[in-house]
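Have the structure open beside the text. The paragraphs below walk through it step by step.

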Amino acid sequence: MSQPQPRIRFAAQDDDDALGRLDRATWSPLHAVTPAARQPYAPFFSDRFGPRDHIVAELNGTLVGYVRLGYPTGLPANAHVRQIQGLAVADAARGRGVGRMLVRAAIGQARRQGARRITLRVLGHNTPARALYASEGFVVEGVLPEEFLLDGAYVDDIFMGRPL
């Protein structure tokens, strides 16, 4: 018997609390450069990133993942590029293709917005994410060696991109 497939959709304002909980539950030094959130928790959505900047995966009525798609800069000369600026998948939904679905949804949305390229940054030690992105056509376009000091270790910041 096959498992139900996640529903991919834009986030809604009502998803703020669930996305905040998901973000906190999936926090890891494998991909985070900021400390784990502490109470009182800030809202998930902000002036910079609202519901329409997030594509979510919903399984049996529960949010199990999201991808944040934004502009790498506010410069008009860079407006043809979109950037994945966050990706999270609940532990219970891992291994079901949710991350891949979200990356593909972000690529599709970037195309619909008229972008010519899509980019992202990923920590050098995040091997699973780097493999996922590479399998979806992203290539390493630059490395910032030892850009972050995380848990006492220097970690590279990898810049990846692909044409649309």
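What follows goes from the sheet to the helices and then to the loops.

The model is predicted. Begin with the sheet. It is open and has seven strands. Their order is β1-β2-β3-β4-β5-β7-β6, and the pairing is mixed. Which strands stand at the edges? They are β1, residues 7–10, and β6, residues 139–150. Each has a single partner strand, so one side of each is left without a neighbour in the sheet. On average, neighbouring strands are turned by 25° against each other, direction ignored.

Now take the edge formed by β6. Its pairing with β7, residues 153–163, is antiparallel and runs over eight bridges. Two pairs help to locate the register. L144 has D157 of β7 as its bridge partner. V140 stands opposite M160, again in β7. The two strands form a hairpin, with two residues between them. D151 sits in that turn and has a positive phi of about 50°. When viewing these strands, recall a general rule: in a regular strand, side chains alternate between the two faces of the sheet.

Go to the other edge. How far apart in sequence are the parts that E58 and R9 tie together? First, the contact itself: E58 forms a salt bridge with R9, and the closest N and O atoms are 3.3 Å apart. E58 lies in β2 and R9 in β1, so the pair ties together parts that are 49 residues apart in sequence. This salt bridge is one of nine in the structure.

Next come the helices on the sheet. Helix α2 packs on the sheet and touches β1, β2, β3, β4, β5 and β7. Its direction makes about 160° with that of β4, which spans residues 81–89. Helix α3 lies across β4, β5, β6 and β7. It runs at about 160° to β5. Both helices therefore count as roughly antiparallel to the strands named with these angles, since the cut-off for that term is over 145 degrees.

How do the two helices meet? Helix α2 covers residues 98–112, and helix α3 covers residues 127–135. They pack at an angle of about 50°, with their axes 10 Å apart. That angle makes α2 oblique to α3. The crossing is right-handed. From α2, the contact uses G99, R100 and V103. From α3, it uses L132, Y133 and S135. These residues divide into three nonpolar, two polar and one charged.

Finish with the loops. Where is the cis peptide bond? It joins Q39 and P40, with omega at about 0°. P40 is placed in the loop between α1, residues 16–25, and β2. Another backbone feature is found at N60. This residue is not a glycine, although its phi is positive, at about 50°. N60 belongs to the loop between β2 and β3. Those two strands span residues 54–59 and 62–70.

Note on methods:
Residues are numbered from 1 along each chain as its sequence is written. This is a predicted model: local features need pLDDT of at least 70, side-chain atom pairs count only at pLDDT 80 or more; totals for chains, interfaces and linings use all residues. Side-chain values use heavy atoms; hydrogens and water are left out. Axes are lines fitted to C-alpha atoms, for helices over the stretch in contact, and angles run from 0 to 180 degrees between N-to-C directions. Helices (H or I, at least four residues) and strands (E, at least two) are DSSP runs, numbered from the N terminus. Angles under 35 degrees count as roughly parallel, over 145 as roughly antiparallel, 65 to 115 as roughly perpendicular and the rest as oblique. A crossing is left-handed if the near helix is turned anticlockwise from the far one by less than a right angle, and right-handed if clockwise. Contact means heavy atoms within 4.5 Å. Ala, Val, Leu, Ile, Met, Phe, Trp, Tyr, Cys and Pro count as nonpolar, Asp, Glu, Lys and Arg as charged, and the others, Gly among them, as polar. Two strands pair if DSSP finds at least two bridges between them. A salt bridge is a side-chain nitrogen of Lys or Arg within 4 Å of a carboxyl oxygen of Asp or Glu.
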